[in-house]
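Biologist: I'd like a really close look at one part of this chain, and then a walk outward from there. Could you pick a good spot and take it slowly?

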Amino acid sequence: MKRSTINEIIREGDAFIRSFGYVLPPFAYLSPDEMRARGAEFSGVVDARLGWDVTDYGEGRFDELGLFLFTVRNGRPEDLTRGRGMLYAEKAMISRKDQLSPMHRHVVKAEDIINRGGGTLVLELFMSDENGDVDETAEVTVPTDGTLRRMPAGSHLKLSPGESVTLMPGVWHGFWAEGADVFIGEVSTVNDDVTDNVFREPIGRFAAIEEDEEPLHLLVSDYDRMLG
């Protein structure tokens with residue numbers, strides 16, 4: 001993806017989220033130079049990989065295959081191991097109309113996916129077989145706002161604004177927005193986008209970036225390279 005495209009997606013995404021009365025934390029608006037100059041102050045942001053994340057999954061087709069994310073808060077994997085501490089994470093996301101986030105599952109993370117507003121959020125769901133692969137025959141069982149839902153493998157679960165689904169580790173899911181763009185909330189156990197995403201098809205998690213202009217804000221995938 002071109003950096004100029006990412007910058008524009010960030011501007012549009014911030015405005016879309018604000019239209020629902022949700023405001024991102026102050027660190028979201030730091031320039032790259034401010035993050036470098038105040039590195040020690042914001043080491044917690046960098047270490048927890050909080051911040052902007054715009055991905056086309058390395059395929060170069062963001063409008064068809066992509067996702068906008070912002071990690072607002074995130075605990076540490078060692079807290080999960082100890083069973084106490086900051087065991088949770090929160091993301092704000094935008095799925096554009098007919099834009100696919102591809103089929104994947106998580107090894108550790110359990111998550112609530114919430115339609116915060118906009119169109120209808122559609123999730124295609126499968127359970128895992130004994131090898132962790134997609135089970136195309138097993139009935140899918142997921143809680144939706146306190147009600148247990150059972151449906152055939154590969155069913156499309158549609159969430160209207162205000163509705164949510166809980167996805168436990170191993171539940172395969174791909175999703176997209178129907179009718180209009182959707183503002184998505186994600187509340188989960190500790191998030192690790194480097195090691196805890198398993199995709200059904202070989203695909204990248206982060207975008208390859210062509211630096212055609214300066215970053216408006218750094219992405220989480222920029223931290224190692226641009227902050228050292």
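Modeller: One bit of vocabulary before we start: a residue counts as buried when its relative accessible area is under 20%, as exposed when that area is over 50%, and as partly exposed in between. Also keep in mind that this is a predicted model.

Let's zoom in on strand 7, which covers residues 140-144. In a regular strand, side chains take turns between the two faces of the sheet. Strand 7 shows this pattern: V140, V142 and T144 point to one face and are buried. T141 and P143 point to the other face, and these two are not buried.

Who sits beside this strand? Strand 8, residues 147-151, runs antiparallel to strand 7, and five bridges join the pair. One of the buried residues gives you a handy landmark here: V142 has R149 of strand 8 as its bridge partner. Between the two strands of this hairpin there are two residues, and D145 takes a positive phi near 50°.

Now let's step away from the hairpin. The C-alpha atom of T147 is 15 Å from that of M168, and the two residues are 21 places apart along the chain. M168 belongs to the loop between strand 10 (164-167) and strand 11. It counts as partly exposed because its relative accessible area is 46%, which falls between the 20% and 50% cut-offs. Leaving out residues up to four places away in sequence, M168 touches K109 and A110.

Next, the charged pairs. Side chains of opposite charge can pair when their charged atoms come close. Searching the whole structure turns up 20 salt bridges. In one of them, E90 meets R73 with N and O 2.5 Å apart. This pair links distant parts of the chain, since E90 is in strand 3 and R73 is in strand 2, 17 residues apart. Are the two partners buried or partly exposed? E90 is buried, because its 16% relative accessible area is under the 20% cut-off. R73, at 35%, is partly exposed.

D193 is worth a stop too, since it takes part in a salt bridge with K91 (2.8 Å, N to O). Here D193 sits in the loop between strand 11 and strand 12 while K91 is in strand 3, so the pair links parts of the chain that are 102 residues apart. Both D193 and K91 are buried. D193 also forms a salt bridge with R205, where the closest N and O atoms are 3.3 Å apart. R205 lies in the loop between strand 12 and helix 5 (223-227), twelve residues from D193. D193 has 11% relative accessibility, which means it counts as buried, and R205 is buried at 11% as well. Elsewhere, salt bridges with shared partners tie R3, E211, D222 and R225 into one network.

Last stop: the empty space. Rolling a probe the size of a water molecule over the atoms shows where space is left. The count comes to two cavities of 30 Å³ or more. The largest has a volume of about 140 Å³ and a lining of 18 residues, with L67, L69, H104, H106 and N197 nearest its centre. Among the strands that each supply at least two lining residues are strand 2 (67-74), strand 3 (88-95) and strand 4 (101-106). By class, that lining has seven nonpolar, five polar and six charged residues.

The second largest cavity, at about 60 Å³, has residues including F27, L30, M35, W52 and Y223 around it. Its lining contains eight nonpolar residues, two polar ones and no charged ones.

Finally, there's the largest pocket, which holds about 220 Å³ of space. It is lined by 15 residues, and D47, A48, R49, N74 and N191 are the closest to its centre. The elements giving two or more residues to this lining are strand 2 and helix 4 (77-82). Sorted by class, the pocket lining has four nonpolar, four polar and seven charged residues.

Conventions. Residues numbered from 1 in each chain as written. Predicted model: local features only at pLDDT ≥ 70, side-chain atom pairs only at ≥ 80, totals over all residues. Heavy atoms only, no water. 1 Å grid on protein atoms, 1.4 Å probe; cavity = no way out; pocket = protein on both sides within 12 Å on 5 of 7 lines; lining within 4 Å. Points joined across faces, edges and corners; volume = space filled by probe spheres on them. Helix = DSSP H or I, 4+ residues; strand = E, 2+ residues; numbered from the N terminus. Nonpolar A, V, L, I, M, F, W, Y, C, P; charged D, E, K, R; others polar. Buried < 20%, exposed > 50% of the residue type's maximum accessible area, 1.4 Å probe, protein only. Pairing = 2+ DSSP bridges. Salt bridge = Lys/Arg side-chain N within 4 Å of Asp/Glu carboxyl O. Contact = heavy atoms within 4.5 Å.
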